[in-house]
Amino acid sequence: MKTMKYISLSQTDDLMPTLGLGTWQAPADVIESTVYKALDLGYKHIDTAFNYNNEEAIGKAIKQWISDGKGTRKDLFITTKLPHVGNRASDVKKFLDLQLSRLQMEYVDLYLIHVPFGFHCNPDTLTPVVKDNGEYDLDMETDHISTWKVMEQCMKEGRIRNLGLSNFNEAQITKIFKHATIKPQVLQVELHAHFQQVELRRFCAENNIVVTAYAPLGSPGAKDHFVNKYNYNPDTFPDLLSHPDVKEIAEKHGKTPAQVLLNFLVNQKIVVIPKSTSETRLKENSDIYDFELTPAELNRLKKLDKGEDGRVFNFLFWKGVQNHPEYPFKIPGSVEKASE
Ligand SMILES: NC(=O)c1ccc[n+]([C@@H]2O[C@H](COP(=O)([O-])OP(=O)(O)OC[C@H]3O[C@@H](n4cnc5c(N)ncnc54)[C@H](OP(=O)(O)O)[C@@H]3O)[C@@H](O)[C@H]2O)c1
(Lines give C-alpha, C1' and ligand atoms only; values in the text may rest on other atoms or scores of the structure.)
Protein backbone atom coordinates (compact mmCIF):
# COMPACT_ATOMS: atom_id res chain seq x y z
CA MET A 1 0.00 0.00 0.00
CA LYS A 2 1.33 3.43 -0.87
CA THR A 3 1.45 5.90 1.98
CA MET A 4 -0.73 8.94 1.35
CA LYS A 5 0.25 12.54 1.77
CA TYR A 6 -3.36 13.74 2.11
CA ILE A 7 -6.56 12.31 3.48
CA SER A 8 -10.02 13.51 2.51
CA LEU A 9 -12.39 14.75 5.22
CA SER A 10 -16.04 13.77 5.33
CA GLN A 11 -18.74 16.30 4.36
CA THR A 12 -16.34 18.94 2.93
CA ASP A 13 -13.90 16.76 0.96
CA ASP A 14 -11.14 19.07 2.20
CA LEU A 15 -7.72 17.45 2.01
CA MET A 16 -5.86 17.15 5.29
CA PRO A 17 -2.09 16.59 5.05
CA THR A 18 -1.15 13.34 6.80
CA LEU A 19 1.91 15.06 8.28
CA GLY A 20 1.61 18.13 10.47
CA LEU A 21 3.90 19.99 12.81
CA GLY A 22 3.06 19.66 16.51
CA THR A 23 3.76 22.76 18.59
CA TRP A 24 3.07 21.85 22.23
CA GLN A 25 5.94 22.91 24.50
CA ALA A 26 7.38 25.05 21.73
CA PRO A 27 7.89 28.49 23.26
CA ALA A 28 6.68 31.51 21.31
CA ASP A 29 10.19 32.90 20.70
CA VAL A 30 11.35 29.59 19.18
CA ILE A 31 8.25 28.52 17.32
CA GLU A 32 8.15 31.53 15.01
CA SER A 33 11.37 30.58 13.23
CA THR A 34 10.54 26.86 13.52
CA VAL A 35 7.24 27.27 11.70
CA TYR A 36 8.86 29.38 8.99
CA LYS A 37 11.55 26.69 8.51
CA ALA A 38 8.97 23.92 8.53
CA LEU A 39 6.92 25.65 5.82
CA ASP A 40 10.08 26.03 3.75
CA LEU A 41 10.73 22.32 4.20
CA GLY A 42 7.30 21.48 2.82
CA TYR A 43 5.15 21.11 5.94
CA LYS A 44 1.64 22.29 5.06
CA HIS A 45 -0.14 21.48 8.31
CA ILE A 46 0.41 23.09 11.71
CA ASP A 47 -1.24 21.95 14.93
CA THR A 48 -1.63 24.45 17.75
CA ALA A 49 -4.06 25.25 20.59
CA PHE A 50 -5.11 28.18 22.74
CA ASN A 51 -3.37 26.44 25.64
CA TYR A 52 0.04 26.27 23.91
CA ASN A 53 0.35 30.07 24.16
CA ASN A 54 2.01 30.28 20.77
CA GLU A 55 -0.79 31.07 18.29
CA GLU A 56 0.42 34.64 17.90
CA ALA A 57 3.99 33.60 16.98
CA ILE A 58 2.68 30.93 14.62
CA GLY A 59 0.42 33.50 12.95
CA LYS A 60 3.37 35.85 12.50
CA ALA A 61 5.51 33.16 10.87
CA ILE A 62 2.74 32.16 8.47
CA LYS A 63 1.97 35.76 7.55
CA GLN A 64 5.65 36.41 6.86
CA TRP A 65 6.00 33.23 4.78
CA ILE A 66 3.00 34.22 2.65
CA SER A 67 4.13 37.83 2.26
CA ASP A 68 7.58 36.56 1.20
CA GLY A 69 5.74 35.02 -1.76
CA LYS A 70 6.44 31.41 -0.76
CA GLY A 71 2.86 30.20 -0.80
CA THR A 72 -0.74 31.11 -0.06
CA ARG A 73 -3.05 30.58 2.89
CA LYS A 74 -5.00 28.09 0.78
CA ASP A 75 -1.92 25.85 0.57
CA LEU A 76 -1.95 25.44 4.35
CA PHE A 77 -3.98 23.47 6.87
CA ILE A 78 -4.11 25.10 10.30
CA THR A 79 -5.63 23.36 13.31
CA THR A 80 -6.37 24.94 16.66
CA LYS A 81 -8.47 24.01 19.68
CA LEU A 82 -11.15 25.41 21.98
CA PRO A 83 -9.59 25.37 25.47
CA HIS A 84 -10.89 23.65 28.61
CA VAL A 85 -11.67 27.11 30.07
CA GLY A 86 -13.88 27.96 27.09
CA ASN A 87 -15.67 24.64 26.81
CA ARG A 88 -19.22 26.03 26.84
CA ALA A 89 -21.59 27.37 24.17
CA SER A 90 -21.43 30.95 25.46
CA ASP A 91 -17.62 31.07 25.11
CA VAL A 92 -16.98 29.47 21.72
CA LYS A 93 -17.22 32.67 19.67
CA LYS A 94 -15.17 34.67 22.16
CA PHE A 95 -12.27 32.20 22.07
CA LEU A 96 -12.45 31.55 18.33
CA ASP A 97 -12.37 35.30 17.60
CA LEU A 98 -9.40 35.77 19.91
CA GLN A 99 -7.57 32.80 18.38
CA LEU A 100 -8.20 33.99 14.82
CA SER A 101 -6.92 37.43 15.70
CA ARG A 102 -3.79 35.92 17.33
CA LEU A 103 -3.25 33.74 14.27
CA GLN A 104 -3.99 36.74 11.99
CA MET A 105 -6.32 34.56 9.94
CA GLU A 106 -9.86 34.77 8.61
CA TYR A 107 -10.46 31.07 9.21
CA VAL A 108 -8.90 27.90 10.59
CA ASP A 109 -9.00 24.65 8.64
CA LEU A 110 -9.88 22.60 11.68
CA TYR A 111 -11.24 23.53 15.10
CA LEU A 112 -11.30 20.90 17.84
CA ILE A 113 -12.79 20.82 21.31
CA HIS A 114 -9.48 20.22 23.10
CA VAL A 115 -10.78 18.08 25.98
CA PRO A 116 -14.29 16.90 26.89
CA PHE A 117 -14.24 18.43 30.39
CA GLY A 118 -14.32 22.10 31.34
CA PHE A 119 -12.89 24.37 34.03
CA HIS A 120 -14.13 27.71 35.30
CA CYS A 121 -12.15 30.50 33.71
CA ASN A 122 -10.32 33.37 35.39
CA PRO A 123 -11.48 36.20 33.13
CA ASP A 124 -8.30 38.24 33.63
CA THR A 125 -5.78 35.54 32.76
CA LEU A 126 -7.99 33.18 30.71
CA THR A 127 -6.56 30.30 32.74
CA PRO A 128 -8.39 27.80 34.99
CA VAL A 129 -9.54 28.84 38.44
CA VAL A 130 -7.63 26.75 40.98
CA LYS A 131 -8.99 26.33 44.51
CA ASP A 132 -6.95 26.83 47.70
CA ASN A 133 -6.44 23.06 48.02
CA GLY A 134 -4.83 22.95 44.55
CA GLU A 135 -7.85 21.37 42.87
CA TYR A 136 -9.09 22.77 39.57
CA ASP A 137 -12.50 24.43 39.72
CA LEU A 138 -14.55 22.10 37.56
CA ASP A 139 -17.40 23.43 35.45
CA MET A 140 -19.95 20.70 36.12
CA GLU A 141 -22.33 22.12 33.48
CA THR A 142 -20.19 21.15 30.45
CA ASP A 143 -22.60 20.39 27.62
CA HIS A 144 -21.04 19.09 24.41
CA ILE A 145 -24.15 19.38 22.28
CA SER A 146 -24.77 23.09 22.82
CA THR A 147 -21.05 23.83 22.38
CA TRP A 148 -20.99 21.84 19.15
CA LYS A 149 -24.03 23.72 17.81
CA VAL A 150 -22.17 27.03 18.16
CA MET A 151 -19.12 25.52 16.44
CA GLU A 152 -21.40 24.46 13.58
CA GLN A 153 -22.64 28.05 13.30
CA CYS A 154 -19.05 29.33 13.14
CA MET A 155 -18.39 26.82 10.38
CA LYS A 156 -21.41 28.06 8.43
CA GLU A 157 -20.09 31.60 8.84
CA GLY A 158 -16.81 30.50 7.22
CA ARG A 159 -14.50 30.98 10.21
CA ILE A 160 -13.94 27.23 10.62
CA ARG A 161 -13.61 24.89 7.64
CA ASN A 162 -13.82 21.56 9.48
CA LEU A 163 -14.84 20.39 12.94
CA GLY A 164 -13.48 17.83 15.32
CA LEU A 165 -12.83 16.60 18.83
CA SER A 166 -9.81 15.74 20.91
CA ASN A 167 -9.50 13.34 23.85
CA PHE A 168 -13.18 12.32 23.61
CA ASN A 169 -14.16 8.69 24.18
CA GLU A 170 -16.48 6.62 22.00
CA ALA A 171 -19.63 7.26 24.06
CA GLN A 172 -19.03 11.02 24.03
CA ILE A 173 -18.48 11.06 20.26
CA THR A 174 -21.57 8.93 19.67
CA LYS A 175 -23.71 11.40 21.61
CA ILE A 176 -22.48 14.31 19.49
CA PHE A 177 -23.05 12.28 16.32
CA LYS A 178 -26.71 11.80 17.26
CA HIS A 179 -27.36 15.52 17.64
CA ALA A 180 -24.97 17.06 15.12
CA THR A 181 -25.82 18.50 11.73
CA ILE A 182 -22.13 18.51 10.85
CA LYS A 183 -20.69 15.27 12.17
CA PRO A 184 -17.24 15.32 13.81
CA GLN A 185 -14.76 14.92 10.96
CA VAL A 186 -11.55 14.44 12.93
CA LEU A 187 -10.60 12.96 16.29
CA GLN A 188 -7.21 13.86 17.74
CA VAL A 189 -6.01 11.46 20.42
CA GLU A 190 -2.81 10.11 21.91
CA LEU A 191 -1.62 7.36 19.58
CA HIS A 192 1.78 5.68 19.18
CA ALA A 193 3.23 2.19 18.93
CA HIS A 194 2.72 1.58 22.68
CA PHE A 195 -0.85 2.90 22.62
CA GLN A 196 -2.45 2.04 19.31
CA GLN A 197 -6.11 2.77 20.14
CA VAL A 198 -7.34 -0.17 18.05
CA GLU A 199 -10.98 -0.09 19.20
CA LEU A 200 -11.36 3.68 18.96
CA ARG A 201 -9.81 3.67 15.48
CA ARG A 202 -12.23 0.99 14.33
CA PHE A 203 -15.14 3.11 15.58
CA CYS A 204 -13.73 6.18 13.79
CA ALA A 205 -13.28 4.27 10.53
CA GLU A 206 -16.91 3.11 10.71
CA ASN A 207 -18.03 6.71 11.17
CA ASN A 208 -15.78 8.39 8.61
CA ILE A 209 -13.75 10.19 11.25
CA VAL A 210 -10.10 10.82 10.41
CA VAL A 211 -7.82 10.04 13.35
CA THR A 212 -4.88 12.27 14.19
CA ALA A 213 -2.15 10.80 16.38
CA TYR A 214 -0.74 13.11 18.98
CA ALA A 215 2.51 12.12 20.68
CA PRO A 216 3.27 9.85 17.67
CA LEU A 217 6.86 9.39 18.89
CA GLY A 218 5.65 8.66 22.43
CA SER A 219 6.23 12.30 23.45
CA PRO A 220 9.79 11.97 24.80
CA GLY A 221 9.69 15.63 25.90
CA ALA A 222 6.64 15.03 28.12
CA LYS A 223 8.78 12.97 30.46
CA ASP A 224 10.69 15.99 31.75
CA HIS A 225 7.67 18.21 31.58
CA PHE A 226 5.46 15.95 33.69
CA VAL A 227 8.10 14.60 36.06
CA ASN A 228 9.34 18.00 37.06
CA LYS A 229 5.96 19.54 37.50
CA TYR A 230 3.54 16.80 38.43
CA ASN A 231 5.47 13.92 40.00
CA TYR A 232 4.68 11.41 37.29
CA ASN A 233 6.59 8.18 37.53
CA PRO A 234 9.38 8.29 34.92
CA ASP A 235 9.27 4.48 34.60
CA THR A 236 5.84 4.65 33.02
CA PHE A 237 7.06 6.71 30.07
CA PRO A 238 7.56 4.95 26.77
CA ASP A 239 10.99 5.07 25.18
CA LEU A 240 9.91 4.13 21.71
CA LEU A 241 12.79 5.79 19.90
CA SER A 242 15.28 3.39 21.44
CA HIS A 243 13.07 0.30 21.41
CA PRO A 244 15.17 -2.56 19.93
CA ASP A 245 12.44 -3.67 17.46
CA VAL A 246 11.99 -0.13 16.17
CA LYS A 247 15.74 0.37 15.89
CA GLU A 248 16.25 -2.89 14.01
CA ILE A 249 13.48 -2.14 11.51
CA ALA A 250 14.89 1.35 11.03
CA GLU A 251 18.37 0.01 10.28
CA LYS A 252 16.99 -2.41 7.67
CA HIS A 253 15.39 0.47 5.77
CA GLY A 254 18.25 2.93 6.26
CA LYS A 255 15.81 5.12 8.21
CA THR A 256 15.66 6.45 11.77
CA PRO A 257 13.41 5.10 14.57
CA ALA A 258 11.29 8.28 14.39
CA GLN A 259 10.74 7.79 10.66
CA VAL A 260 9.66 4.18 11.23
CA LEU A 261 7.22 5.16 13.99
CA LEU A 262 5.65 7.87 11.82
CA ASN A 263 5.52 5.76 8.65
CA PHE A 264 3.87 2.96 10.67
CA LEU A 265 0.97 5.29 11.55
CA VAL A 266 0.62 7.12 8.23
CA ASN A 267 0.60 3.73 6.53
CA GLN A 268 -2.60 2.99 8.49
CA LYS A 269 -4.28 6.22 7.34
CA ILE A 270 -3.53 8.03 10.58
CA VAL A 271 -2.47 11.68 10.49
CA VAL A 272 0.71 12.38 12.50
CA ILE A 273 1.77 15.67 14.11
CA PRO A 274 5.29 15.17 15.52
CA LYS A 275 6.70 18.19 17.31
CA SER A 276 10.25 19.36 16.83
CA THR A 277 12.03 22.67 16.97
CA SER A 278 15.28 21.26 15.53
CA GLU A 279 15.81 21.80 11.82
CA THR A 280 17.49 18.40 11.45
CA ARG A 281 14.61 16.60 13.12
CA LEU A 282 12.01 18.62 11.21
CA LYS A 283 13.60 17.31 8.02
CA GLU A 284 13.89 13.81 9.39
CA ASN A 285 10.23 13.70 10.48
CA SER A 286 8.99 14.83 7.07
CA ASP A 287 11.02 12.30 5.10
CA ILE A 288 8.68 9.38 5.80
CA TYR A 289 6.96 8.64 2.51
CA ASP A 290 9.67 6.89 0.50
CA PHE A 291 9.65 3.45 2.11
CA GLU A 292 7.21 0.72 2.94
CA LEU A 293 7.27 -1.57 5.93
CA THR A 294 6.78 -5.26 5.16
CA PRO A 295 3.72 -7.06 6.56
CA ALA A 296 6.03 -8.83 9.03
CA GLU A 297 7.46 -5.51 10.22
CA LEU A 298 3.99 -4.03 10.55
CA ASN A 299 2.96 -6.99 12.68
CA ARG A 300 6.05 -6.66 14.82
CA LEU A 301 5.21 -3.01 15.49
CA LYS A 302 1.55 -3.83 16.14
CA LYS A 303 2.72 -6.18 18.90
CA LEU A 304 4.26 -3.24 20.80
CA ASP A 305 0.75 -2.10 21.75
CA LYS A 306 0.28 -2.04 25.53
CA GLY A 307 -3.36 -1.04 25.36
CA GLU A 308 -4.53 1.29 28.14
CA ASP A 309 -1.19 0.80 29.96
CA GLY A 310 0.50 2.68 27.12
CA ARG A 311 -1.39 5.91 27.79
CA VAL A 312 0.78 8.85 28.88
CA PHE A 313 -1.74 11.71 28.77
CA ASN A 314 -4.45 11.07 31.38
CA PHE A 315 -4.64 14.74 32.47
CA LEU A 316 -4.55 13.82 36.16
CA PHE A 317 -1.92 16.54 36.53
CA TRP A 318 -4.95 18.85 36.68
CA LYS A 319 -5.79 17.97 40.27
CA GLY A 320 -9.34 16.71 40.69
CA VAL A 321 -10.12 16.49 36.95
CA GLN A 322 -11.25 12.87 37.29
CA ASN A 323 -14.28 14.13 39.26
CA HIS A 324 -15.63 15.95 36.23
CA PRO A 325 -18.69 14.17 34.78
CA GLU A 326 -17.10 14.24 31.32
CA TYR A 327 -13.63 12.97 32.33
CA PRO A 328 -13.10 10.59 29.40
CA PHE A 329 -10.71 7.88 30.59
CA LYS A 330 -10.79 5.00 33.00
CA ILE A 331 -8.88 6.06 36.11
CA PRO A 332 -5.69 3.99 36.46
CA GLY A 333 -6.15 1.34 39.15
CA SER A 334 -9.89 1.97 39.51
CA VAL A 335 -12.36 -0.89 39.67
CA GLU A 336 -15.53 -0.77 37.57
CA LYS A 337 -18.66 -0.63 39.74
CA ALA A 338 -20.64 -3.84 39.52
CA SER A 339 -24.07 -3.20 38.03
CA GLU A 340 -27.05 -4.14 40.19
N1 LIG B 1 -4.84 17.25 21.78
C2 LIG B 1 -4.06 17.09 22.83
O3 LIG B 1 -4.52 17.00 23.98
C4 LIG B 1 -2.59 16.99 22.62
C5 LIG B 1 -1.75 16.52 23.65
C6 LIG B 1 -0.39 16.42 23.39
C7 LIG B 1 0.11 16.79 22.16
N8 LIG B 1 -0.71 17.29 21.18
C9 LIG B 1 -0.19 17.74 19.85
O10 LIG B 1 0.57 16.68 19.30
C11 LIG B 1 1.90 17.14 19.04
C12 LIG B 1 2.89 16.00 19.16
O13 LIG B 1 2.90 15.46 20.46
P14 LIG B 1 4.13 15.69 21.48
O15 LIG B 1 4.79 16.95 21.13
O16 LIG B 1 3.60 15.51 22.84
O17 LIG B 1 5.07 14.43 21.21
P18 LIG B 1 5.92 13.84 19.97
O19 LIG B 1 5.68 14.60 18.75
O20 LIG B 1 5.68 12.38 20.00
O21 LIG B 1 7.40 14.07 20.48
C22 LIG B 1 7.98 15.34 20.51
C23 LIG B 1 9.32 15.23 21.25
O24 LIG B 1 10.20 14.37 20.53
C25 LIG B 1 11.39 15.07 20.15
N26 LIG B 1 11.65 14.68 18.75
C27 LIG B 1 10.98 15.10 17.65
N28 LIG B 1 11.44 14.51 16.55
C29 LIG B 1 12.43 13.68 16.96
C30 LIG B 1 13.28 12.79 16.26
N31 LIG B 1 13.20 12.66 14.95
N32 LIG B 1 14.19 12.09 16.99
C33 LIG B 1 14.27 12.24 18.32
N34 LIG B 1 13.48 13.07 19.04
C35 LIG B 1 12.56 13.78 18.36
C36 LIG B 1 11.06 16.54 20.31
O37 LIG B 1 12.20 17.27 20.71
P38 LIG B 1 12.82 18.45 19.79
O39 LIG B 1 11.81 19.53 19.65
O40 LIG B 1 14.03 18.86 20.57
O41 LIG B 1 13.18 17.81 18.47
C42 LIG B 1 10.03 16.53 21.42
O43 LIG B 1 10.66 16.50 22.69
C44 LIG B 1 2.08 18.25 20.07
O45 LIG B 1 3.20 19.05 19.81
C46 LIG B 1 0.75 18.94 19.96
O47 LIG B 1 0.68 19.75 18.79
C48 LIG B 1 -2.05 17.37 21.40
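## Exposed, buried and packed residues in a predicted model

Glu56 is exposed, because its relative accessible area of 51% lies over the 50% that marks an exposed residue. The model described here is a predicted one, and the values in this report were computed from it. Glu56 belongs to helix 2, and although Glu56 and Gln104 are 48 residues apart in sequence, their C-alpha atoms are 7.7 Å apart in space.

### Helix 2 against helix 3

Helix 2, which covers residues 55–67, has an axis that comes within 7 Å of the axis of helix 3, and the two cross at roughly 45°. That angle makes helix 2 oblique to helix 3, since angles of 65 to 115 degrees would count as roughly perpendicular and those under 35 degrees as roughly parallel. On the side of helix 2 the contact involves Glu55, Glu56, Ile58 and Gly59, and on the side of helix 3 these residues meet Gln99, Arg102 and Leu103. Sorted by character, the residues of this contact comprise 3 charged, 2 polar and 2 nonpolar ones.

### Helix 8 against helix 9

A second helix pair is formed by helix 8 (residues 244–253) and helix 9, whose axes are 8 Å apart and which pack at an angle of about 95°. Helix 8 and helix 9 are therefore roughly perpendicular to each other. Helix 8 contributes Val246, Lys247, Ile249 and Ala250 to the contact, while helix 9 contributes Pro257, Val260 and Leu261. The residues of this contact divide into 6 nonpolar and 1 charged, with no polar residue among them.

### The nonpolar cores

In soluble globular proteins, nonpolar side chains tend to be buried together. The largest nonpolar core of this model holds 97 residues, and the members that touch the most other members are Val35, Ile173, Leu187 and Phe315. Helix 9 (residues 257–266) supplies the largest share of this core, namely 7 residues. Another core lies apart from it and has 9 residues, including Phe77, Leu110, Leu112 and Val186.

### Annotated positions and their surroundings

Two positions carry annotations in an unreviewed UniProt entry. The record places the feature "active site" at Tyr52, and it places the feature "binding site" at His114. Tyr52 is found in the loop between strand 4 (45–47) and helix 2, whereas His114 is found in the loop between strand 6 (110–113) and strand 7 (121–122). Tyr52 counts as buried because its relative accessibility is 17%, and His114 counts as buried because its relative accessibility is 11%.

With residues up to four places away in sequence left out, Tyr52 touches Thr23, Trp24, Asp47, Lys81 and His114. Counted in the same way, His114 touches Ala49, Asn51, Tyr52, Lys81, Leu82, Pro83, Ser166 and Asn167. The two annotated residues are thus in contact with each other, and Lys81 appears in the contact list of Tyr52 as well as in that of His114.

### Further buried residues

His84 lies in the loop between strand 5 (77–82) and helix 3 (89–103). Beyond its neighbours within four places in sequence, His84 is in contact with Asn51, Val115, Phe117, Gly118, Phe119, Pro128 and Trp318. Asn51 is also one of the residues touched by His114.

Gln172 is placed in helix 5 (residues 170–179). Leaving aside neighbours within four places in sequence, Gln172 is in contact with Pro116, His144, Asn167, Glu326 and Pro328. Of these, Asn167 is also listed among the residues that His114 touches.

Leu21 lies in strand 3, which consists of residues 21–22. Leu21 and Val272 are 251 residues apart in sequence, yet their C-alpha atoms are 8.3 Å apart in space. Outside its neighbours within four places in sequence, Leu21 is in contact with residues that include Thr34, Val35, Ala38, Tyr43, His45, Ile46 and Asp47, and also with Ile273, Pro274, Ser276 and Leu282. Val35 in this list is one of the residues that touch the most other members of the largest nonpolar core, and Asp47 is also touched by Tyr52.

The accessibilities of these three residues are set out below.

| Residue | Relative accessible area | Class |
|---|---|---|
| Leu21 | 0% | buried |
| His84 | 5% | buried |
| Gln172 | 7% | buried |

Key. Residues numbered from 1 in each chain as written. Predicted model: local features only at pLDDT ≥ 70, side-chain atom pairs only at ≥ 80, totals over all residues. Heavy atoms only, no water. Core = buried A, V, L, I, M, F, W, Y, C linked by side-chain atoms within 4.5 Å. Buried < 20%, exposed > 50% of the residue type's maximum accessible area, 1.4 Å probe, protein only. Helix = DSSP H or I, 4+ residues; strand = E, 2+ residues; numbered from the N terminus. UniProt positions renumbered as here; feature names shortened; annotations may be inferred. Contact = heavy atoms within 4.5 Å. Axes fitted to C-alpha atoms, helices over the stretch in contact; angles between N-to-C directions. Parallel < 35°, antiparallel > 145°, perpendicular 65-115°, else oblique. Nonpolar A, V, L, I, M, F, W, Y, C, P; charged D, E, K, R; others polar.
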